[in-house]
Structures are given as C-alpha cells and as structure tokens.
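Visitor: I am new to this structure and should like to learn how to read it. Might we begin with the whole chain and then turn to a single helix?

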Amino acid sequence: MELEEAVHDRLGLPPTGRGTVEARLARLAELLERVEADPSLMRHLLDEVSGMARRCSGTLGDTEPVVRLRGRCPLCASVSLRAFPLRRAVLCINPGCRCPHTACGCHADRAHRHSWPEGEWAELAVGGAVVLEEITAALNGGSTVVAVSR
C-alpha cells in the first residue's frame, strides 16, 4: 500500500482505492513505463520489490542452491565467485566488489552484487577467472556448497 501511494505521489496521480496485494502490484505494473522515465523512482521501486521478494522467499523457506566456483573474480581478485543455478548466473559475492560500468546495479545499490548472466560466461572464462565447463557443470547440477535465500 505504501509503495503504491509513493509511486502515485511521485507521478502526480490521485490516490488509489482499496485493493488486495495482487491488485496493487498489478496497478504498479501498469505504471512501469512512467516509472521508468524517473530513474530514482525506478531504483526505489526495484529496491522495494526485491526486498518484498526476499522477505516472501524467506518466510516460505525458499532457498536457492549456490555452488562455489574455483578461480578469482576478474573485478576484485577475490575467491568469491558463486554459481546460482536458478538464476542461471554467476555472481561475485564480495560486498566490496564493483565493476567499472557505472550504470551497473552494483554501483547504485550496496546490496546488489555484480553478476554475469549466461550470455557472459564465455567472457568471464576468457578473462581466466574460471573455466567455462566448470560454470556449466555447476549450473547443471554441480555440488551445492551452501543455500541462500533468494
């Protein structure tokens, strides 16, 4: 309710009526094009929705398997690369790691971790950080090292 009210207020829209959580989220989704035009509002919306998703997953007991990868992060040289099979991504879990691309979410949000989606694994492997076959094996049923909330 508060998120919807904040978005409406920032966009200069009248207050909304009552509604279930599902109805409110659907109304927010309908406003995404307008929200996207305001980068700070979009960042706020993404942060809030991510937080809601984490709290829901934690409450439901959802965990995502995480596989530790050998090698060092090409950005921070830490041994902190992890494969997240459900996301089909490799992340550096070092909280201090930041990439050189200022548009990346790792600069805007301290909780955001730099990630390499599936399309960038070859690039990650070329940098010598990790072997491409190890990434593929880890994401296709490699040994789970630890489980984390999504």
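Guide: We shall take the overall layout, and then one helix and its partner. Please note that this is a predicted model.

Visitor: How many helices and strands are there in the protein chain?

Guide: The protein chain holds 7 helices and 5 strands. Read from the N terminus, their order is α-α-α-α-β-β-β-α-β-α-α-β. Of its 150 residues, 31% count as buried.

Visitor: Which residues of helix H1 are buried, and why do they line one face of the helix?

Guide: A residue counts as buried when its relative accessible area is under 20%. In H1, which spans residues 2-11, the buried ones are Leu3, Glu4, Val7, His8 and Leu11. Viewed down the axis of H1, these buried residues fall within an arc of 130 degrees, so they line one face of the helix. The face turned away from that buried side carries the exposed residues Glu2 and Asp9.

Visitor: What follows H1?

Guide: Gly12 comes after H1, and its phi is positive, near 75 degrees.

Visitor: At what angle do H1 and helix H2 pack?

Guide: Angles under 35 degrees count as roughly parallel. H1 and H2 (residues 21-30) pack at about 25 degrees, their axes being 10 Å apart. H1 is therefore roughly parallel to H2. The crossing of H1 past H2 is left-handed.

Visitor: Which residues meet there?

Guide: Leu3, Glu4 and Val7 in H1 meet Arg24, Arg27 and Leu28 in H2. By class, this contact has 3 nonpolar, no polar and 3 charged residues.

Key:
Residues numbered from 1 in each chain as written. Predicted model: local features only at pLDDT ≥ 70, side-chain atom pairs only at ≥ 80, totals over all residues. Heavy atoms only, no water. Buried < 20%, exposed > 50% of the residue type's maximum accessible area, 1.4 Å probe, protein only. Helix = DSSP H or I, 4+ residues; strand = E, 2+ residues; numbered from the N terminus. Arc of directions from axis to C-beta. Axes fitted to C-alpha atoms, helices over the stretch in contact; angles between N-to-C directions. Parallel < 35°, antiparallel > 145°, perpendicular 65-115°, else oblique. Left-handed = near helix turned anticlockwise from the far one by under 90°. Contact = heavy atoms within 4.5 Å. Nonpolar A, V, L, I, M, F, W, Y, C, P; charged D, E, K, R; others polar.
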